[in-house]
Amino acid sequence: FSSHELYLIFKEAICNASKYALCSSIQVGLTRYKNTCTLTIHDNGRGFDINAVSSGNGIYNMKQRAKKMNAVFHIESLENKGTLVTVTFRIPRFR
């Protein structure tokens with residue numbers, strides 16, 4: 001687990017939403033169940049067709065960072081419905 005990689009994914013998702021989505025809100029969530037956490041970043045912006053747009057450096061970098069931390073990265077977006085970025089990762093158990 002790398003908190004730095006997680007931070008960079010978070011930063012990229014927020015920057016993408018603020019630059020390109022033309023959204024009025026961004027919701028960030030972090031949930032934990034046992035030793036698994038899920039980070040979600042959801043905007044209500046214009047969205048995009050994932051199959052029609054080439055993965056730019058931002059999406060590619062987020063995927064690679066998630067891979068480095070053995071996390072599951074998922075992005076879904078619908079035109080005029082916003083974008084949801086989800087990163088699910090394991091954290092070490094603290095005693």
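In the predicted model, helix α1 passes α2 in a left-handed crossing. On the side of α1, this contact is formed by E5, L8, I9, E12, A13 and N16; α2 contributes G58, M62, R65, A66 and K68. Two packed helices are described by the angle between their axes and by the distance between those axes. For α1 and α2, the packing angle is about 160 degrees, and the axes lie 9 Å apart. Angles over 145 degrees count as roughly antiparallel, and α1 is therefore roughly antiparallel to α2.

The length of α1 was examined next. This helix comprises 18 residues, from 3 to 20. At 1.5 Å a residue, a span of 26 Å is expected, and the C-alpha atoms at the two ends are 26 Å apart, so the expected and computed values agree. After α1 comes L22, which has a positive phi, near 55 degrees.

The burial of residues along α1 was also considered. The buried residues of this helix are E5, L6, L8, I9, A13 and A17. Because they cover an arc of only 165 degrees around the axis, these residues are placed on the same side of α1. The face turned away from that buried side carries the exposed residues S3, S18 and K19.

The packing partners of the buried residues include both strands and a helix. The strands are β1 (26–33), β2 (36–43), β3 (72–78) and β4 (82–90), and the helix is α2 (57–68). Among the buried residues of α1, E5, L8, I9 and A13 also take part in the contact with α2 described above.

Definitions and conventions:
Residues numbered from 1 in each chain as written. Predicted model: local features only at pLDDT ≥ 70, side-chain atom pairs only at ≥ 80, totals over all residues. Heavy atoms only, no water. Helix = DSSP H or I, 4+ residues; strand = E, 2+ residues; numbered from the N terminus. Expected span 1.5 Å × (residues − 1). Buried < 20%, exposed > 50% of the residue type's maximum accessible area, 1.4 Å probe, protein only. Arc of directions from axis to C-beta. Contact = heavy atoms within 4.5 Å. Axes fitted to C-alpha atoms, helices over the stretch in contact; angles between N-to-C directions. Parallel < 35°, antiparallel > 145°, perpendicular 65-115°, else oblique. Left-handed = near helix turned anticlockwise from the far one by under 90°.
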